[in-house]
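Please look at the chain shown below from one end to the other before reading on. The paragraphs that follow lead through its charged pairs and its surface.

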Amino acid sequence: MAPGAGYQQYAAPPMMDPGFQFPVGQPMLDPAAMPTAPPMAPPPKRLTDGVATPASVEQQKRAYAQALAQQLEDGKRTIKEQSEQAKEILQQQAEEKKLQYAMQIDQQLMEQEMNLDQQTHQQVMQL
């Protein structure tokens, strides 16, 4: 085979026209013809916006603990007051029962004394 056979020959690219001159002092492109960049989008919202900070979490924990402690104290006070009221009612009931019992005993005593008086009177009448 001959040298260069099977190869395609390429021609050299045409040279620039020697009479061409670059415009001096003029922009090569018209700025109005240039595409403009789209306006910048606002920065993305932070993912941590609205999330409690460690300091606010601690403050919330303290407030919750204080509320629980107050509820506990209120509950204790309520139970103590209820217990005292129940004891007063029991004491009143016991006093009433004591009075009723004392009245029953007094009535029995009076009946027995009256029976004894009748027996005594009958014995005196038999004399």
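A salt bridge is a side-chain nitrogen of Lys or Arg within 4 Å of a carboxyl oxygen of Asp or Glu. Side chains of opposite charge can pair when their charged atoms come close. What you see is a predicted model, in which local features need pLDDT of at least 70 and side-chain atom pairs count only at pLDDT 80 or more, while totals for chains, interfaces and linings use all residues. Residues are numbered from 1 along each chain as its sequence is written, and side-chain values use heavy atoms, with hydrogens and water left out.

The secondary structure of the protein chain amounts to one helix and zero strands, where helices (H or I, at least four residues) and strands (E, at least two) are DSSP runs numbered from the N terminus. The structure holds four salt bridges, and three of these can be followed here, one after another.

Begin with Lys-98, which forms a salt bridge with Glu-95, the closest N and O atoms lying 3.5 Å apart. Both Lys-98 and Glu-95 belong to helix H1, where they are three residues apart, about one turn of the helix. To describe how open such residues are, buried means under 20% relative accessible area, exposed means over 50%, and partly exposed lies in between (1.4 Å probe, protein chains only). Lys-98 is exposed because its relative accessible area is 53%, whereas Glu-95, with 43%, is partly exposed.

Turn next to Asp-74, whose salt bridge with Arg-77 has its closest N and O atoms 2.8 Å apart. Asp-74 and Arg-77 are three residues apart in helix H1, so about one helical turn separates them. Asp-74 counts as partly exposed because its relative accessibility is 27%, and Arg-77 is partly exposed with a relative accessible area of 45%.

Glu-73 forms a salt bridge with Lys-76, and here the closest N and O atoms are 3.8 Å apart. Glu-73 and Lys-76 both lie in helix H1 (residues 54–125), three residues apart, which is about one turn of the helix. Glu-73, at 42% relative accessibility, counts as partly exposed, and Lys-76, at 48%, also counts as partly exposed.

Finally, consider the chain as a whole: of the 127 residues of the protein chain, 0% count as buried. The accessible surface of the protein chain comes to about 13200 Å², and 60% of this surface belongs to carbon and sulfur atoms; such areas come from the Shrake-Rupley method with a 1.4 Å probe, and for residues only the protein chains shown count as cover.
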